[in-house]
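Visitor: Could you walk me through this one? I'd like to start at one end and work towards the middle.

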Amino acid sequence: MIEYATQRAITTEQFIQLLKSSTLAERRPVDDQACIEKMVNGADLMVTAWQADVLVGVARSVTDFGYCCYLSDLAVAQSHQRQGIGRRLIELTRAQLDAECKLILLSAPAAQSYYPQLGFCRHPSAWVMG
Ligand SMILES: CC(C)(COP(=O)(O)OP(=O)(O)OC[C@H]1O[C@@H](n2cnc3c(N)ncnc32)[C@H](O)[C@@H]1OP(=O)(O)O)[C@@H](O)C(=O)NCCC(=O)NCCS
């Protein structure tokens, strides 16, 4: 059984392990401990999924809770993918935000066809610096 949490702290080691077990580590700075610590400690909203005491999913966001929420990292362990955990993590993230708050993200190539299924619209004028 999977349990979800919005207030449960995770360690940098748990976060790195999940990035690796989900494959998202290929696109995240898992060898830069200082940056990973900032990602874990500086997040405004971290929704997590647990099987017993094992972290199997995370939605890590930076947000003001009212206007915009950047969903930076959505990851589900490969052993637990396609069971609805990613969908639930996004639902629980949205439940923490005001109704008008926009959820914004950059999709990994492998997830390009995932987000439209969950109701996301591609934005034609997104820009990134750095
Ligand atoms: C992308 C990811 C978060 C999806 O999580 P998940 O728990 O496996 O997804 P869900 O089970 O909630 O899937 C919801 C729906 O999307 C579909 N889906 C899942 N992964 C998909 C993918 N990569 N591409 C297209 N559709 C996908 C599911 O079949 C499901 O459809 P259904 O509701 O009709 O059954 C997960 O596969 C993952 O961690 N991938 C590696 C890291 C990554 O790419 N993260 C995204 C970074 S932007």
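**A chat about the fold**

Guide: Sure. Glu3 is found in strand β1, and keep in mind that this is a predicted model.

Visitor: Is Glu3 buried or exposed?

Guide: Glu3 is exposed, because 12 other C-beta atoms lie within 10 Å and a residue with 12 or fewer counts as exposed.

Visitor: How far apart are the C-alpha atoms of Glu3 and Leu55?

Guide: They're separated by 9.7 Å, and the two residues are 52 residues apart along the chain.

Visitor: OK, on to the strands. How do β2 and β3 pair?

Guide: In the antiparallel sense, over seven bridges. One pair to look at is Gln51 with Val54, its bridge partner in β3. The hairpin of β2 and β3 has two residues between the strands, and Ala52 takes a positive phi near 55° there.

Visitor: And what about β3 with β4?

Guide: Those two run antiparallel and are joined by seven bridges. Ala59 stands opposite Leu74 in β4. In this hairpin there are four residues between the strands, and Phe65 has a positive phi near 70°.

Visitor: How many residues of β3 are buried?

Guide: Eight of the 10, so β3 is largely enclosed by the rest of the structure.

Visitor: Switching to helices. Which residues of α1 are buried?

Guide: Phe15, Leu18, Leu19 and Ser22. Looking down the axis of α1, you'd see these buried residues fall within an arc of 100°, so they line one face of the helix.

Visitor: What covers the buried residues of α1?

Guide: The cover includes α2 (33-42), β3 and β4. Also, just after α1 comes Thr23, with a positive phi of about 85°.

Visitor: Which residues are buried in α3?

Guide: Ile85, Gly86, Leu89, Ile90 and Thr93. Down the axis of α3, its buried residues fall within an arc of 140°, so they too line one face of their helix. Among what covers them are β1 (2-5), β2, β3 and β4.

Visitor: Now the middle. In the largest nonpolar core, which residues touch the most other members?

Guide: That core has 19 residues, and the ones that touch the most other members are Leu18, Val56, Val58, Ala59, Ala75 and Leu89. The elements giving two or more residues to this core are α1 (12-22), β2 (45-51), β3 (54-63), β4 (68-76) and α3 (85-95).

Visitor: Which element gives the most to this core?

Guide: β4, with five residues.

Visitor: You named Ala75. What is Ala75 in contact with, leaving aside its neighbours within four places in sequence?

Guide: Leu18, Leu19, Ser22, Leu24, Gly57 and Val58. Two of the names there, Leu18 and Val58, also came up among the core residues that touch the most other members.

Visitor: Last topic, the ligand. How many residues surround the ligand, and which are the closest?

Guide: There are 21 around the ligand, and the closest are Gln81, Gly86, Arg87, Ala108 and Tyr114. The elements that give two or more residues to this shell are β4 and α3. You've met Gly86 already, as one of the buried residues in α3.

Visitor: What does the shell around the ligand have by class?

Guide: By class, 10 nonpolar, nine polar and two charged residues.

Notes:
Residues numbered from 1 in each chain as written. Predicted model: local features only at pLDDT ≥ 70, side-chain atom pairs only at ≥ 80, totals over all residues. Core = buried A, V, L, I, M, F, W, Y, C linked by C-beta atoms within 7 Å. Buried ≥ 20, exposed ≤ 12 C-beta atoms within 10 Å, placed from the backbone. Contact = placed C-beta atoms within 7 Å. Near = placed C-beta within 6 Å. Nonpolar A, V, L, I, M, F, W, Y, C, P; charged D, E, K, R; others polar. Pairing = 2+ DSSP bridges. Arc of directions from axis to C-beta.
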